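Please have the sequence and the three-dimensional view open side by side before reading on. The paragraphs below are meant to be followed with the structure in hand.

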Amino acid sequence: MKISEVANRVNLPISTIRYYEKIGIITDEHVLRDQNNYRIYAQSIIQHLEVVKQCLVVGFTIHEIQSMISKHGFSRNDQASIIQAKISEIEEAQKQLENSKQNLYEILKSDITCEDGFGKY
């Protein structure tokens, strides 16, 4: 497949696919070269990029994904550990957001206004 076909099938900009290739998210196993030295992507690139997109959606950073790809596979226990760590990270962020929300509710309950200057009663 040409890069435009891949981009259309996975709904990513061509520039993102090129960036992923540059930083190692797309490995050589997914890219071939034709007689004119143009990139031809293997069918496996579609599933690979869908997994990358899903990892991004659930909160992994591009650098975390790079690290996972560079390991060339890991055990089920390692996978469970990585996912559990991400779950813990998300739970901590949820706690912090909940605390922030409660603090905002407290501000709403107080008589602080900004009509007479910032933070004056």
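What follows goes from the overall outline of the chain to its helices, its core and some individual residues.

The model shown here is a predicted one, and its secondary structure comes to five helices and two strands. Read from the N terminus, the elements run in the order α-α-β-β-α-α-α, so two helices precede the strands and three helices follow them. The radius of gyration of the chain is 22 Å, whereas a compact globule of 121 residues would have one near 14 Å. Taken along the principal axes, the C-alpha atoms fill a box of roughly 75 × 40 × 20 Å. Of the 121 residues, 23% count as buried, and the accessible surface comes to about 9100 Å², with 52% of that surface belonging to carbon and sulfur atoms. When contacts between residues at least 6 apart in sequence are considered, 46% of them join residues at least 24 apart.

A convenient place to begin is the first helix. Helix α1 covers residues 3-10, and Val 10 is found in it. Val 10 counts as buried because its relative accessibility is 1%, and, with neighbours within four places in sequence left aside, it is in contact with Ile 46, Leu 49, Glu 50 and Lys 53. The C-alpha atom of Val 10 is separated by 35 Å from that of Glu 98, a residue 88 places away along the chain. In the loop between α1 and α2 lies Asn 11, which counts as exposed because its relative accessibility is 64%. Most residues other than glycine have a negative phi. Asn 11, although not a glycine, has a positive phi of about 55°.

The second helix, α2, spans residues 14-23. Which residues of α2 are buried? They are Thr 16, Ile 17, Tyr 20 and Glu 21, and because they cover an arc of only 140° around the axis, they lie on the same side of α2. The face turned away from this buried side carries the exposed residues Ser 15 and Lys 22. The cover over the buried residues of α2 includes α1, β1, β2 (39-41), α3 and α4. Two of these residues can be followed further. Ile 17, apart from its neighbours within four places in sequence, is in contact with Ile 3, Val 6, Ala 7, Leu 12, Ile 26, Tyr 41 and Leu 49. Glu 21, counted in the same way, touches Ile 26, Val 31, Arg 39 and Tyr 41, and its side chain makes a polar contact of 3.0 Å with the side chain of Arg 39. After α2 comes Gly 24, whose phi is positive, near 95°.

The strands come next. Leu 32 lies in strand β1, which is made of residues 31-33, and it is partly exposed because its relative accessible area is 49%. Beyond residues up to four places away in sequence, Leu 32 touches Tyr 38, Arg 39 and Ile 40. Leu 32 and Ala 42 are 10 residues apart in sequence, and their C-alpha atoms are 7.1 Å apart in space. The loop between β1 and β2 holds Asn 37, a residue that is not a glycine and yet has a positive phi, of about 70°.

Further along the chain, helix α4 (residues 62-70) has Ile 62, Ile 65, Met 68 and Ile 69 as buried residues. Seen down the axis of α4, these fall within an arc of 120°, so they line one face of the helix. Among the elements that cover them are α2, α3 (44-57) and α5 (76-109). Just after α4, His 72 takes a positive phi of about 55°.

These helices can now be brought together through the core. Which members of the largest nonpolar core touch the most other members? Of its 22 residues, they are Val 6, Ile 17, Tyr 20, Ile 45, Leu 49 and Ile 65. The elements that give two or more residues to this core are α1, α2, α3 and α4, and α3 gives the most, with five residues. Ile 17, already met on the buried side of α2, is in contact with Val 6 and Leu 49, among others.

Notes
Residues numbered from 1 in each chain as written. Predicted model: local features only at pLDDT ≥ 70, side-chain atom pairs only at ≥ 80, totals over all residues. Heavy atoms only, no water. Helix = DSSP H or I, 4+ residues; strand = E, 2+ residues; numbered from the N terminus. Polar contact = N/O pair within 3.5 Å; in protein donor to acceptor, adjacent residues only side chain to side chain. Contact = heavy atoms within 4.5 Å. Buried < 20%, exposed > 50% of the residue type's maximum accessible area, 1.4 Å probe, protein only. Arc of directions from axis to C-beta. Core = buried A, V, L, I, M, F, W, Y, C linked by side-chain atoms within 4.5 Å. Rg over C-alpha atoms; globule rule 2.2 N^0.38 Å. Areas by Shrake-Rupley, 256 points an atom, 1.4 Å probe, with all protein chains shown as cover.
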